[in-house]
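Please open the model in your viewer and keep the selection tool at hand. The stops below go from the whole chain to one helix, then to the core and to a single side chain.

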Amino acid sequence: MTDRPALERVLSLPVLVLYGLGTIVGAGIYALIGKVAGEAGAWAPIAFIVAATMASLTALSFCELSARLPRAGGEAVYVDAGLRARWLTIGVGVAMVVVACLSAATVARGFAGYAGTLAPLSHSAAILLLLAVLGAVAAWGIGESAWLASALTLVEVGGLLVVIVAGADRFAELPARIGELVPPASGDAWLAIGSASLLCFYAFLGFEDMVNVAEEVRDVQRVM
């Protein structure tokens with residue numbers, strides 16, 4: 001047999017965007033914002049901007065590559081097509097698996113922290129419950145997984161809007177305190193921002209989730 005099995009193309013543009021955005025919001029805001037603020041303090045927004053600028057260069061490259069090579073596998077596929085080095089392709093593939101495991105662990109721990117405040121669950125029980133449910137949905141199918149991810153993304157964004165509305169009365173202080181958001185030219189300040197931006201960069205890897213499902217996207221060249 002020479003024909004490679006094809007995956008079902010069921011993902012549309014809105015679902016794909018929400019699928020990638022869910023990782024960015026879930027990991028970047030809900031799981032990491034406290035760590036970022038601990039590193040950069042009031043300069044945390046600058047750290048996010050620095051990380052977004054760095055991530056955009058990779059994201060734009062992935063945008064072009066995913067349209068040219070619309071296959072599951074993302075970076076491993078691109079390395080294989082561009083460098084033709086089997087050992088390097090395998091290495092990148094293994095690295096992708098390791099990063100995916102770390103990403104899942106980070107989000108799961110973040111979920112466990114929030115779940116523990118709402119229900120009498122230990123961290124371990126909450127993490128195992130989350131992994132069992134998500135594993136079952138993933139086994140069900142990519143369409144169902146993406147729709148669930150989209151729904152959870154809307155819930156996440158809704159939670160952020162609630163926080164913004166709850167703190168809206170503090171916006172009046174912003175003009176007087178805007179100077180606090182501008183970092184000085186000192187090395188210590190930018191070292192803290194740089195350290196925090198490395199954490200932030202991880203949050204923007206939602207675009208990696210998107211390219212890894214390119215083989216399941218409708219009208220892939222346009223949508224991706």
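Begin with the whole chain in a cartoon view: this predicted model has 11 helices and 0 strands, so that from the N terminus on the elements run α-α-α-α-α-α-α-α-α-α-α. Taken along the principal axes, the C-alpha atoms fill a box of roughly 70 × 45 × 30 Å. Of the 224 residues, 31% count as buried, and if you switch on a surface, you will be looking at about 13,400 Å² of exposed area, 71% of it supplied by carbon and sulfur atoms.

Next, select residues 13–31, which form helix 1, a run of 19 residues that reaches 26 Å from its first C-alpha to its last, close to the 27 Å expected at 1.5 Å a residue. Colour V15, L16, G20, G22, T23, V25, G26, A27 and G28 within helix 1, since these are buried.

Now select L11, L16, V36, A47, C200, V217 and M224, the residues with the most contacts inside the largest nonpolar core, which has 31 residues. Among the elements that give two or more residues to this core are helix 1, helix 2 (33–40), helix 7 (142–166) and helix 9 (187–203), while helix 3 gives the most, with 6 residues. In soluble globular proteins, nonpolar side chains tend to be buried together.

Finally, centre the view on L16: which residues is L16 in contact with, leaving aside its neighbours within four places in sequence? Show M210, V213, V217, V223 and M224, and you have the contacts of L16 on display.

Key:
Residues are numbered from 1 along each chain as its sequence is written. This is a predicted model: local features need pLDDT of at least 70, side-chain atom pairs count only at pLDDT 80 or more; totals for chains, interfaces and linings use all residues. Side-chain values use heavy atoms; hydrogens and water are left out. Helices (H or I, at least four residues) and strands (E, at least two) are DSSP runs, numbered from the N terminus. The expected span of a helix is 1.5 Å times one less than its number of residues. Buried means under 20% relative accessible area, exposed over 50%, partly exposed in between (1.4 Å probe, protein chains only). Accessible areas come from the Shrake-Rupley method with a 1.4 Å probe; for residues, only the protein chains shown count as cover. A nonpolar core is a set of buried Ala, Val, Leu, Ile, Met, Phe, Trp, Tyr and Cys residues joined through side-chain atoms within 4.5 Å. Contact means heavy atoms within 4.5 Å.
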